[in-house]
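Biologist: Hello! I would like to take a close look at a single part of this protein, and I would be glad if you could walk me through it.

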Amino acid sequence: MRIFFGCLFFCHFLFAQEKTETTSLDVTYFKGNVLPHTDDLQHFLKGHPDGVFVSVYQKTYGHQEWERAFNYPDYGGYFIYQDFKNDILGKVYAAGALYNFYFLNRHLQFKIAQGVAYTTDPHDKEDNNKNAAFGSKIVANTNFALNYTTKIFDKFDLKAGLLFTHFSNGRIKAPNSGVNTYGINVGVTYNFEEPLEKQVDSLPKQKVTEPIKYNFVLRAGISESPIIGSGQKPFYHPAFYVDKRISRKSAFQLGTEVFFTQSYKEYIKFMAIAYPDEDVSIDTDYKRVGVFVGYELFINRISLEAQLGYYVYQPYKSDIPVYDRLGMKYYFTKNIYTGLSIKTHVFLAEAMEFLIGVRL
């Protein structure tokens, strides 16, 4: 899911100038539980998933403005091995990009990591038909961790805290309940170099504001209906929204969008024919219209986005009327951007969206 942004991160990682950043490696062991967000995940609760989370990242020292604005974060890449302790789910291997943000005098670390994962035992109608979580071998991976970290000796730090992992293919292929796990983790960090002197911006901080901006966005991709084997169909989600930047980091959004989802259209036809007692008309309009509010966090050329929407037009109500979206954007210029996002109904993913947008 995040291959494009992973490449961006790693390119920056490889070509970082000397003596402005240092490199660290941390290895963390984690153990926890599966979060049963759907009824068909109940039989996955037999064991306690565990695994190893390995991160390699650059520590920043304020040589760029965004580093000072975010309290000298880390950025880099990660690898995860996770064993679900369940013959149906099997194991996963994931890799991607990460940010570490720091609070409480740098003792509290918040990690955001996103990438792609390989599943060893996806759904198979003959050999593994009980796996309703993974419909494909390649899925998206998102992780959040909150750790307390402290130096133990020389170049070694100790860290411990909470970890949340998510694996899903964004309904590119059914089934796709996805799997969320939560638990504890403990690990050790090794710092390859001595820390550098932090660059402190001596100029007074200026309030960053902008006039209202107008965004035209097209989100597109392929998806499959919840009917296994129904086939992958294209979707198009054009949107218009306004945003108001209120600070260096933050902007709020308000907008509307239309959903042209072909797999949704085919699903309505299937339900009308296969379940006549449901009183679904085969001519029911498959299009949906939503309104949403959102928040965008500007880091550098990369920003993180979260939106919460409501369907004001939804003739066929197979899902709840509320939807949400999490995404990442990359700005080629101040006006043109691309990105990836996941649209869900609470924990159930509907679409993995590739987007292109203009901000005027």
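How many residues lie between β12 and β13 in the hairpin that they form?

Modeller: Happy to help, and please keep in mind that this is a predicted model. There are 3 residues between β12 and β13 in that hairpin. Strand β12 covers residues 288-298, and strand β13 covers residues 302-313. The two strands pair in the antiparallel sense, with 10 bridges between them. If you want one pair to find on your screen, take Leu297, whose bridge partner in β13 is Leu304.

Now let us step outward from the hairpin, one side at a time. On the β12 side sits strand β11, residues 250-261, which runs antiparallel to β12 and is joined to it by 10 bridges. A pair to look for here is Gln253 with its bridge partner Gly294 in β12. On the β13 side comes strand β14, residues 322-331, again paired in the antiparallel sense, this time over 9 bridges. There, Glu305 has Gly327 of β14 as its bridge partner. As a general reminder, strands of a sheet pair through backbone hydrogen bonds, in either a parallel or an antiparallel way.

With those neighbours in place, you can see the wider setting. The hairpin strands belong to a barrel that 8 strands close, in the order β9-β10-β11-β12-β13-β14-β15-β16, with antiparallel pairing. On average, neighbouring strands of this sheet are turned by 25 degrees against each other, direction ignored.

One more element touches this region. Helix α3, residues 262-274, lies across β9, β10, β11 and β12, so one strand of your hairpin is among those it crosses; its direction is at about 45 degrees to β11. The helix has 13 residues and reaches 18 Å from its first C-alpha to its last, close to the 18 Å expected at 1.5 Å a residue. Buried residues of α3 are Ser263, Tyr264, Tyr267, Ile268, Met271 and Ala272. Their spacing is worth a thought: an α-helix has 3.6 residues a turn, so residues three or four places apart point the same way. What covers the buried residues of α3 includes β9, β10, β11 and β12. Your hairpin strand β12 is thus part of that cover, while also pairing with β13.

Technical notes. Residues numbered from 1 in each chain as written. Predicted model: local features only at pLDDT ≥ 70, side-chain atom pairs only at ≥ 80, totals over all residues. Heavy atoms only, no water. Pairing = 2+ DSSP bridges. Helix = DSSP H or I, 4+ residues; strand = E, 2+ residues; numbered from the N terminus. Axes fitted to C-alpha atoms, helices over the stretch in contact; angles between N-to-C directions. Contact = heavy atoms within 4.5 Å. Expected span 1.5 Å × (residues − 1). Buried < 20%, exposed > 50% of the residue type's maximum accessible area, 1.4 Å probe, protein only.
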